[in-house]
Amino acid sequence: MQVGLVTGKEQIELKDFPEPVVEPGKVVVDIAYCGICGTDLHAWLSGSPYNPAICGHEWVGHASEVHSSVTTCKEGDRVAAGGRTACGQCSTCQRGDAEHCETAFAAICGMGPMAAPHGGFAPRIAFDGGRIYQVAPSLTDEQAGILEPVTIAVHAIRRTGIRLGDRVVVIGGGPIGLLVLQCAKAAGAGTCVLLEPQESRRKLAAATGADLVIDPMTADASEQLFAHVGSGGADVVFECAGIPATINQAVTYARRGGTVSLVGVASGKAEIEAAQWLVKEIRLQSSIASLREEFFMAQSLIADGRIKTEPLHTSTVSLDGIGDAFAALARNPLEVKVLVDPRL
Ligand SMILES: [Zn+2]
Ligand SMILES: [Zn+2]
């Protein structure tokens, strides 16, 4: 069988892999869709070493073979990949912080003995049964293919402790920023501003709940922002652009005593005005990946319409089209979330 793997700078290849077999603790899944993540794109753009186990981690499919030791699903179930429950054994669990379980985090990073040899840009995958969860019947396959990035947004929102009526700023209108925006509104944000240089993405933000969209390249971007959230700044600012320059900008937009949430993975070292962070008594919250329970929360939010994934889904491609899809995602701002369908 052929599997798409990022193998170098601006290079994704279809490599031959043996057909997956079901082993103790594993489930073989026939993949329906696998979304291309910003992480995949970053690996493709940078060419830096990349764990093949996470190359294509946003997938949904049907369990075709389930080992007798697996309790999370049965044959025929529609399933997706998520996080494990906390192990209770690692040093962090032993400190009473199950949310930061080292074992669960390693698994989600594609490490450990249960890691698959490749990701979901494949017709089939043999996957750790502990990381499988069932997809609610109310979700379409396309919605389920965008579930994993929703969980990232759910996790970011829950970690900030956002409150009803909060004034929120989201920096960056990529898939994660757009979903953070929707989740912030679902969590009760009073108003939500999104900053994004690409017009098509600003339109998407406006169509999915942003109260104000701003082009950060315009001279009066800051004036527009403060005129909307108040001169003191926003209660919560989410940095979803992953650009070193926007890290400190997030603090500039936050009010004194406000919260800055780092969600985007910054591509390099960032300079900060430390005195500003201190004087404002900024509460810094960072967020990566998500927890097992958040996959179920994300499904409910999509099922009842509070989170809409459809506007983000811009194209579907076959495995053969994956190289062009990566290039389009890198260069064409009209592309937001591309689903790979290995059945095509
Ligand atoms: Zn992802
Ligand atoms: Zn643990």
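**Exercise 1. Overall size**

With 344 residues, what radius of gyration would a compact globule have, and what does the protein have?

*Solution.* Keep in mind that this is a predicted model.
- Step 1: for 344 residues, the globule rule of 2.2 Å times the number of residues to the power 0.38 puts a compact globule near 20 Å.
- Step 2: the protein has 20 Å, so the value agrees with that of a compact globule.
- Step 3: look at the box next. Along the principal axes, the C-alpha atoms fill roughly 60 × 45 × 40 Å.
- Step 4: add burial and surface. Buried residues account for 53% of the 344, and the accessible surface is about 14800 Å², with 54% of it belonging to carbon and sulfur atoms.
- Step 5: finish with the fold's bookkeeping. The protein has 12 helices and 15 strands, and of the contacts between residues at least 6 apart in sequence, 69% join residues at least 24 apart.

**Exercise 2. The largest nonpolar core**

Work out which residues touch the most other members of the largest nonpolar core, and where this core lies relative to the domains.

*Solution.*
- Step 1: the core holds 42 residues, and V168, V170 and F238 touch the most other members.
- Step 2: list the elements that give two or more residues to it. Among them are the strands β3 (26-35), β8 (167-171), β9 (191-195) and β11 (234-239), together with the helices α5 (147-160), α6 (175-186), α7 (199-207) and α11 (292-303).
- Step 3: bring in the domains. Both domain 1 (2-146 + 309-340) and domain 2 (156-286) give residues to this core, so it lies between them.
- Step 4: zoom in on V170. Ignoring neighbours within four places in sequence, V170 is in contact with G177, V180, L181, C192, V193, L194, L195, F238 and C240.
- Step 5: don't stop at one core. There is a second, separate one of 38 residues, and its members include M1, F17, I36 and W44.

**Exercise 3. Aromatic pairs around Y133**

Classify the ring pairs that Y133 forms with F295 and with F296, and say which parts of the chain they tie together.

*Solution.*
- Step 1: get the total. There are six aromatic pairs.
- Step 2: take Y133 and F295. Their centres are 4.7 Å apart with 55 degrees between the planes, which makes the pair tilted.
- Step 3: place them. Y133 sits in strand β7 (residues 132-134) and F295 in helix α11, so this pair links parts 162 residues apart in sequence.
- Step 4: check burial. Y133 is buried at 2% relative accessible area, and F295 is buried at 2% as well.
- Step 5: now Y133 and F296. Here the numbers are 5.6 Å centre to centre and 65 degrees between the planes, an edge-to-face pair. F296 is also in helix α11, so with Y133 in β7 the pair ties together parts 163 residues apart.
- Step 6: F296 has 40% relative accessibility, so it counts as partly exposed.
- Step 7: for another aromatic group, ring pairs link W44, F121 and F326 into a cluster.

**Exercise 4. Positive phi without glycine**

Where is E10, and is E10 buried or partly exposed? Do likewise for E281.

*Solution.*
- Step 1: E10 isn't a glycine, yet its phi is positive, about 50 degrees. E10 belongs to the loop between β1 (2-8) and β2 (11-16).
- Step 2: E10 has 39% relative accessibility, so it counts as partly exposed.
- Step 3: E281 also has a positive phi of about 50 degrees without being a glycine. Its loop runs between α10 (274-279) and β13 (283-286).
- Step 4: at 58% relative accessibility, E281 is exposed, since the cut-off for exposed is over 50%.

Terms used. Residues numbered from 1 in each chain as written. Chains lettered and ligands numbered in written order. Predicted model: local features only at pLDDT ≥ 70, side-chain atom pairs only at ≥ 80, totals over all residues. Heavy atoms only, no water. Core = buried A, V, L, I, M, F, W, Y, C linked by side-chain atoms within 4.5 Å. Buried < 20%, exposed > 50% of the residue type's maximum accessible area, 1.4 Å probe, protein only. Helix = DSSP H or I, 4+ residues; strand = E, 2+ residues; numbered from the N terminus. Domains from an automatic or database assignment. Contact = heavy atoms within 4.5 Å. Areas by Shrake-Rupley, 256 points an atom, 1.4 Å probe, with all protein chains shown as cover. Phe/Tyr/Trp six-rings, centres within 6.5 Å; stacked < 30°, edge-to-face > 60°.
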